[in-house]
Amino acid sequence: MGGVLCLKYASTYKEEIKTLSALCPPLEDAKRSEFFTHYEDVGRNMILPENVEEFEQMLDLVYYKKPKVLPRRILQAFLEIQKPKYKAFDEVFFQMILSRPSPDELYDSLKKINFPTKIIWGKHDKVGEACTLEQLN
């Protein structure tokens, strides 16, 4: 959602902005990512794993080149620390999806930006949504 937030802020408060860097802004013809497709189809947030096996699936999703050695004990310890926070994380994520602007609103925001802008996009990103880069010119 960082890309959405920065586009909306920059188009609303453009007098306060001199330059902009946007991380994975979803645009008009965005292709649904593996992450969002899974969330919509299964209803499970892959970034909030419940067990070590789901943790491994999450790592496959967020890393292009996953680290070779991640001991199960470390993954289990991480889960024990983070799981109590999952309900709040998932509620925030769900609200972000519900309040997401329409493609037309995002495109209108993009048209209002008339200052130097850097778009950062991962070629192999499976979490952020892919778009055609022609929209960004």
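This is a short tour of a predicted model, with stops to select in the viewer.

**The whole chain.** Show the protein as a cartoon and colour it from the N terminus on. The protein has six helices and two strands. Following the chain from the N terminus, the elements come in the order α-β-α-α-α-α-α-β. Of the 137 residues, 31% are buried. Take the contacts with a separation of 6 or more: 68% of them are between residues 24 or more positions apart.

**The surface.** Switch to a surface view. The protein exposes about 9,200 Å², and 56% of that comes from carbon and sulfur atoms.

**Helix α3.** Select residues 52-62, which form helix α3. Show the side chains of Val52, Glu54, Phe55, Met58, Leu59 and Leu61; these residues are buried. They lie on the same side of α3, because the arc they cover around the axis is only 165°. What do the buried residues of α3 pack against? Add residues 34-42 (α2) and 72-82 (α4) to the selection: these two helices are the partners.

**The start of α3.** Select asparagine 51 and glutamate 53. Asparagine 51 caps the N-terminal end of α3. One of its side-chain oxygens is 3.1 Å from the backbone nitrogen of glutamate 53.

**A nonpolar patch.** Select Ile47, Val62 and Tyr63, which make a nonpolar surface patch of about 230 Å². Valine 62 belongs to helix α3. Why does valine 62 count as partly exposed? Its relative accessibility is 39%, and the partly exposed class lies between the limits of 20% and 50%.

Terms used: Residues are numbered from 1 along each chain as its sequence is written. This is a predicted model: local features need pLDDT of at least 70, side-chain atom pairs count only at pLDDT 80 or more; totals for chains, interfaces and linings use all residues. Side-chain values use heavy atoms; hydrogens and water are left out. Buried means under 20% relative accessible area, exposed over 50%, partly exposed in between (1.4 Å probe, protein chains only). Helices (H or I, at least four residues) and strands (E, at least two) are DSSP runs, numbered from the N terminus. The arc is that of the directions from the helix axis to the C-beta atoms. Contact means heavy atoms within 4.5 Å. A polar contact is a pair of N or O atoms within 3.5 Å; within protein, one must be able to donate a hydrogen and the other to accept it, and residues adjacent in sequence count only if both atoms are side-chain atoms. Accessible areas come from the Shrake-Rupley method with a 1.4 Å probe; for residues, only the protein chains shown count as cover. Patches are made of residues with over 30% relative accessible area and no salt bridge: like charges are joined within 9 Å, nonpolar side chains (Val, Leu, Ile, Met, Phe, Trp, Tyr) within 5 Å. A salt bridge is a side-chain nitrogen of Lys or Arg within 4 Å of a carboxyl oxygen of Asp or Glu.
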